[in-house]
Amino acid sequence: MSGSEAFDVVVIGAGPAGYPAAIRAAQNKLKVACVDEWKNTDGTAAFGGTCLNAGCIPSKALLESSELYWRAREEFAHHGIGVGQVKLDLATMQRRRAGIVKTMTGGIAALFKSAGVTGIHGHGRLLPGNRVEVSGGMGATRVLEARHVVIASGSSPIRLPSMPHDGKLIIDSWNALELDAVPRRLGVIGAGVIGLELGSVWRRLGSEVTVLEALPQLLPMADQAIAREAQRHFKKLGLDIRLGAKVQSASVTGGAVSVVYTDASGEHRLELDKLVVAVGRRPFTEGLLAEGTGVKVDGRGFVEVDEHCRTGVPNVWAVGDVVRGPMLAHKGKEEGIMVADLIAGRYGEVNYRAIPSVIYTAPEIAWVGLTEEQVKASGRPYKVGSFPFAANGRARALEAAQGMAKMVSAADDDEILGVHIIGPFAGELIAEAVLALEYSASSEDLQRTMHAHPTLSEALHEAALAVDKRAIDSINR
Ligand code: FAD
Ligand code: AMP
């Protein structure tokens, strides 16, 4: 083992929670190292974690390509564009996906360099006394002395022994992003965000896709008016979503996957060419904590933290997927920034009530704040306004006049409690609603805010007007 080096802050993990923590800490004039052990399938190391290498970015690259392919086949004719026979070149599509990932992960190395962060490839293990042992990288094992340690070790896919992962036929979300051929019959276990996005990609590219979901309801965390609308569109795409279908086991025989699931009508068997297991993710803390660090991990494997991401051990913090809260890149990013500012003695806070959720299907689904069901259950009197994209000129021009924008506000002081959108670019439109929640805006504030015409954002303006039954471009009910 070589000698030790001293840093103000050592971050373990360079995903979307860890790398912003490292950069902000360096901006705060602290001496920072960020240790990451990510290895891609070709054995190369890369910063960026799950999100850049195997999650948000490659999935969005494929969602975009596959949607263009689908639209070229199904919708171009409506625009009066004839393109002959549309052909799929999956190898090029996958090269584009890989290229985007490489550019983005390389960008983090460049950001580290310019901010003065020491990026280290290797496995980090927290030792008692706020020291971090780094092993398995290029050089010898070394120990970093740290005034502060930020744990940002992320999460990994849940593996179930009854569905043994082989990376070829029974696969996880990462494998499903790197397929080099379109499977004829693709099964997806779990109709969560990841299952629905990956199911959409391969359905658009030609697979027969069956999604098996144990729960009786689709997207239980979303506003149910939006979830019902989503279900209609998934059906139109040809996704065969079977609700109340609990998968018992999956096994590989003769080059195919055999799945056994039960539903209200009994036991069923399904033969598939590939099966994506997307039943959720768990916090990743393997080999992370040496004996005696004092960092507590709860029964589900999450590192325990308070609302400011303090672990309870002085100067040890934890952020991102490895701690409670939604497993989302932007939630981790804000936690990382908050912690880096608190370490530097600055102000830092995360507003956990204004975390946007986005599902990048077509149409997109996005929301922030409380669903109508949650507000109703809370007993607080409320008002609702919604506006269909069918009445929005820009959505018509885009040939994407599907879905709606919906706003829930308090009956007493009109504060916006939740905004729910299914429709074109919902993930972009929700940003205005997040800002509105951050500023405790009322629906009247949005009603009195000018929105450019013709834009999709007018749907949100009209939904705000509809809260008081004063919509202009749709009939108020
Ligand atoms: P991670 O991104 O998992 O990064 C943790 C890093 O720490 C990894 O590089 C890991 O190798 C490293 N590490 C772990 N332990 C150690 C150790 N001991 N020593 C050194 N390094 C270590 N979220 C969104 O917000 N939007 C999306 O569109 C979206 N799409 C997704 C699509 C898919 C298919 C998947 C799988 C996830 C998606 N997510 C999305 C979720 C998002 O990827 C995660 O919420 C996010 O990556 C969490 O960030 P993190 O920094 O906490 O952890
Ligand atoms: P998420 O946690 O949002 O990633 O979604 C995972 C989904 O997988 C949840 O909706 C679970 O209900 C679903 N799920 C988990 N286990 C099974 C199973 N054995 N069979 C079918 N669906 C499952």
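**Exercise 1: the surroundings of ligand 2**

How many nonpolar, polar and charged residues does the shell around ligand 2 have, and which of its residues are the closest?

Solution. By class, the shell around ligand 2 is made of nine nonpolar, three polar and two charged residues, where Ala, Val, Leu, Ile, Met, Phe, Trp, Tyr, Cys and Pro count as nonpolar, Asp, Glu, Lys and Arg as charged, and the others, Gly among them, as polar. The model is a predicted one, in which local features need pLDDT of at least 70, side-chain atom pairs count only at pLDDT 80 or more, and totals for chains, interfaces and linings use all residues, while side-chain values use heavy atoms and leave out hydrogens and water. Residues are numbered from 1 along each chain as its sequence is written, and chains are lettered from A and ligands numbered from 1 in the order in which they are written.

Ligand 2 is surrounded by 14 residues, the closest being G190, E213, A214, A245 and V247; a residue counts here if one of its heavy atoms lies within 4 Å of the molecule.

The next step is to look at the polar contacts, which are pairs of N or O atoms within 3.5 Å; within protein, one must be able to donate a hydrogen and the other to accept it, and residues adjacent in sequence count only if both atoms are side-chain atoms. From its side chain, E213 places a polar atom 2.6 Å from an oxygen atom of ligand 2. Backbone atoms take part as well, with a polar one of A214 at 3.1 Å from a nitrogen atom of the ligand and an N or O atom of V247 at 2.9 Å from a nitrogen atom of ligand 2. Taken alone, ligand 2 exposes 510 Å², of which the protein buries 73%, the areas coming from the Shrake-Rupley method with a 1.4 Å probe and, for residues, with only the protein chains shown as cover. Two or more residues of the shell come from each of β10 (208-213) and β12 (246-253); such elements are DSSP runs numbered from the N terminus, helices being H or I with at least four residues and strands E with at least two.

**Exercise 2: the sheet that contains β12**

In which order do the three strands of the open sheet with β12 stand, and which of them are the edge strands?

Solution. The order is β12-β13-β14, with antiparallel pairing, and two strands are said to pair if DSSP finds at least two bridges between them. The edges are formed by β12 and β14 (266-272), each of which pairs on one side only. From one strand to the next, the twist averages 20°, with axes as lines fitted to C-alpha atoms, for helices over the stretch in contact, and angles running from 0 to 180 degrees between N-to-C directions. Strand β13 (residues 256-263) is joined to the antiparallel β14 by seven bridges, and V257 has L272 of β14 as its bridge partner.

**Exercise 3: the surroundings of ligand 1**

Which residues come nearest to ligand 1, and which element gives the most to the shell around it?

Solution. Of the 37 residues around ligand 1, those that come nearest are D36, T50, K60, G124 and A329. Three contacts to oxygen atoms of the ligand can then be listed: a backbone N or O atom of A17 at 2.9 Å, a side-chain N or O atom of K60 at 2.7 Å, and a polar side-chain atom of H330 at 3.4 Å. Ligand 1 alone exposes 1000 Å², and 95% of that is buried by the protein. The elements giving two or more residues to this shell are β2 (32-36), α2 (49-54), α3 (56-74), β4 (123-127) and α8 (329-343), and α2 gives the most, with four residues. By class, the shell has 16 nonpolar, 16 polar and five charged residues.

To follow β4 further, note that five bridges join β4 to the antiparallel strand β5 (residues 131-135), with L126 paired to V132 in β5. Three residues lie between the strands of this hairpin, where G129 takes a positive phi near 80°.

**Exercise 4: unusual backbone geometry**

Where is the peptide bond that is cis, with omega near -5°, before P363, and in which loop does K29 lie?

Solution. Most residues other than glycine have a negative phi, and most peptide bonds are trans. The bond from A362 to P363 is cis, with omega near -5°, and P363 sits in the loop between β18 and β19 (364-369). Another cis bond joins H453 and P454, with omega about -5°, in the case of P454 within the loop between α12 (443-447) and α13 (458-467). K29, although not a glycine, has a positive phi of about 70° and lies in the loop between α1 (18-27) and β2.
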